[in-house]
Amino acid sequence: MRFRPYARLPRALRWPARVLTVLLVLGLALAGAGVWGVRASFPQLGGELTVDGLTAKVTVYRDGTGIPHIYADSPDDLFMAQGYVHAQDRFFEMDFRRHVTAGRLSEMFGAATLTEDRVIRTMGWRRVAEKELPLLDERTRRYLNAYAAGVNAWMRQSGGFADRSLEYVLLRTTSPDYRPEPWTPVDSLAWLKAMAWDLRSNMSSEIGRALAASRLPRGRVEQLWPDYPYDTNPPIVTRGSLGERGFDQDAEPGARTTEPPRRPGERAPEPTQGPVERAPEPTLRPDGPPDGRVATGAGALARAAAAVRAVPSLMGDPSGGSGIGSNSWVVGGGHTRSGKPLLANDPHLSAGMPSVWYQAGLHCRIKNAECPFDVTGFTFSGVPGVIIGHNDRVAWGFTNLGPDVADLYLERTREDSYLFMGDWKPMATRVETIKVAGGADVRLTVRDTMHGPIISDVMKDAEGTLPGMGAVLGQEADAVALQWTALEPGRTADSIFALNTAQDWQQFRRAASGFEVPAQNLVYADTAGNIGYQAPGRIPVRTRGDGTWPVPGWTGEYAWRSTIPFDELPSVYNPPQGYIVTANNAVVDPDRYPHDLTRDWAYGYRSRRILDRLGRAVKDGKVDVAAMSALQQDDHNGFARFLVPRLTAVEVAGPVRDALALLRGWDHSQGAGSAPAMYFNAVWRHLLIETFNDDLPEGARPDGGDRWFEVVRVMLERPDDAFWDDRATPRAETRDDMLRRAMAAAYDELTAELGPDPGDWRWGDLHSLELVHQTFGTSGIGPIEWLFNRGPFPVAGGDDAVNAAGWDVQEDYTVGWLPSMRMVVDLADLDGSRWINLTGASGHAFHDNYWDQAPLWADGRTVPMLSRPESVKKAAVHTLVLTP
């Protein structure tokens, strides 16, 4: 999230606030208190500490990277210690996150964050989390309570602002009365809603289609969201279908005939209880909206889109459709040097300081039924347990499955009623009070329909409408409601602990069955030599439609009638080829599978590259950890093979010829030092801008991801496609005109930025990563940004390379999303596993472990992922004993 705490203050107050902050920072430095102010919050890592609430001693070993391994005699002590250690290193991050998820940022930062709070209060993330808590297993609630007790024990021991974090010292300039509250289990559960939001599937594409339709006929809009290329880029699951007992990897299509397969977009069958009774198309009565007008859906959709964009992004920003991804693959022992499986995972999320991940080991000293944890992996600060990693027998990884789990409903409203099948239904309303630091409380009225909250209400003052939208959609509406699976209480928290303790494929699948939101691709491997894949999640079955467009809510035709049963979700166990690859590509060919998961997959450029390299590795010899790590660093551009031949076939004049020469003989790699990669990506950027920006409104313009690879790949074979034409000129441009224009624009840009000699251009000079603190990192005040931000780092890779360091062509080449961590697990020797985090364990600026892993990450290096007690103790630099 780009956070500017002063941006929304009245103009007259901005500079006094900034001056006050600068004076504070300078005052600290000049008074000799700067070092104290920074170091006061550094945690005690060695020796002994008393922690009220423990029942026995807990030992915390940390290696040189500060990664903790916690050893306890009971789960309650284990998770209490995890809460304590998380708070030691990351409490400000935890406190900030819980204010985001509760819609309470304005209590910390004042009126600058009111919009964010309004949107999240409207969706009610924390309200849902409160409803989830009593639904959870008793053991899960116990672990959540123990974790909260650990956080609160740390809070009691560090009562002052400076003792907790440098951020709190600075926060006093805008919110002098702010005091963090005790941690609660609901604070942990609410974070899962933020996780679900950032991995929420295709809602941005749904809005993008509608925005594009405000300017283009529907057929041309559909051209911008092409079908998945199943013939060239295989789905994850290439065998099996639905049988009588659910998904069967050995069944062929047609084994179950109760519901025939359908292509995405084809209308689903009516519910088994009979067809929905269709009401005549209703019309608004004369006593309709208070102002006597009926807006088209355009204005409401524009407001809804603005609301979606306003939500803080804590993990990633999928607004462009390519910002959220991940790679994971697993190789069976028949193809590895050790004879046991290897598993790789690297989730692609937004860059941030600190990283969203926190590495840790959670170990019962004696593993048994009462204390079953021996798990090492990546955690979220604020949430107990391990999210991705391995235990003593099983390893697992996540990529975003991306099913369509959210729909936008156009609504016709009057006052606090909405139209449904000819009748006006009362909305459920509630009033939320938002407290504002340094200002008066703000009251927010939230309206809910049967389809969910009216999110367009939040942005009533958003400017701009979309002319022609009503005609395109064939509907008129004045509000937009959001139906989203994460707004229904669920039991995902139960699944986290079940995954942590699973010992075999059957237990793993039972654990996965509870992972409802966000829906993820899960890959699996175990020490017995087995590998597998499971698609979990709460995924709706629609009465009509495929979720790709906003739909009218008042007709009753587009209701969700059920969810896909877990047993019918695709899975594979020990496939014949001996490896499984997931990279946000399609899960299964719809010829084999009747349910609509989504149409909006990644288009398979990454998965195809991984499959190709694995295929060669299997033929050339046995795969090992080093080979898996090297594949994670693959920076090949999968689209260059289509575009480069077209570029080099175009006649260009002048110095552009010298730049174009870089592409002749280029191997399509995108190392940070590559001149051809710099020029190619600049050409790609300008080609998209010049070709599509004139046709599309903001919010639907290209970001550069692999959807646009596929769009342009098809267009390259159509030199007279209408999109090539620049609407601002009197002549009709063709493909070669736009290719020539893009090459010239790229040359001009790079000459201005990097000098006139193309041989001196380097991809990493512009394609760089700056680690920006989520709050104060974009304050606009140099000294404060210097305290918290780190970088820039030149970065290899690019959009939809395996090393997916993504960037937005509408902005610049700066890396916006990336492999947020990398992990390779060796099931033959767990201590031979490797991992790396984007930043470091600590959230305290200037701590040795604040960003110590970042240079290693940027260079493609990893560190040992130790887990056995003897290895952990040997590597320990600090040993802390927590006593009752």
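Which residue in β3 is the bridge partner of Y61? Select Y61 and look across to β3: the partner is H69. Helices (DSSP runs of H or I, at least four residues) and strands (runs of E, at least two) are numbered from the N terminus.

This is a predicted model, in which local features need pLDDT of at least 70 and side-chain atom pairs count only at pLDDT 80 or more, while totals for chains, interfaces and linings use all residues. Residues are numbered from 1 along each chain as its sequence is written, and side-chain values use heavy atoms, with hydrogens and water left out.

**The sheet**

Stay with β2 (residues 58–62) and β3. Four bridges join these two antiparallel strands; strands count as paired if DSSP finds at least two bridges between them. Five residues lie between the strands of this hairpin, and G66 takes a positive phi near 80°. On β2, select V60 next: L880 in β33 stands opposite. Strand β33 (residues 878–883) runs antiparallel to β2, with five bridges between them.

Now colour β3 (residues 68–72). Five of its five residues are buried (under 20% relative accessible area, 1.4 Å probe, protein chains only), so the strand is largely enclosed by the rest of the structure. P68, I70 and A72 are buried on one side, and H69 and Y71 on the other. I70 stands opposite L362 in β8. The pairing of β3 with β8 (residues 358–364) is parallel, over four bridges.

Zoom out to the whole sheet. It is open and mixed, with 11 strands in the order β1-β33-β2-β3-β8-β9-β10-β11-β20-β21-β25. β1 (47–50) and β25 (571–573) are at the edges; each has a single partner strand, so one side of each is left without a neighbour in the sheet. From one strand to the next the twist averages 20°.

**T449**

Select T449 in strand β17 (residues 442–449). T449 counts as buried, at 10% relative accessibility. A polar atom of the T449 side chain lies 3.0 Å from the backbone nitrogen of H451. Leaving out residues up to four places away in sequence, T449 touches E411, Y418, M427, I454 and A481, where contact means heavy atoms within 4.5 Å.

**Two helices**

Finish at α15 (residues 492–501) and α16 (residues 505–512), which pack at about 165° with axes 8 Å apart. The axes are lines fitted to C-alpha atoms over the stretch in contact, and angles run from 0 to 180 degrees between N-to-C directions. The two helices are therefore roughly antiparallel (over 145 degrees). To see the interface, select S495, A498, L499 and T501 in α15, which meet Q507, F508, A511 and A512 in α16.

Conventions:
Buried < 20%, exposed > 50% of the residue type's maximum accessible area, 1.4 Å probe, protein only. Polar contact = N/O pair within 3.5 Å; in protein donor to acceptor, adjacent residues only side chain to side chain. Parallel < 35°, antiparallel > 145°, perpendicular 65-115°, else oblique.
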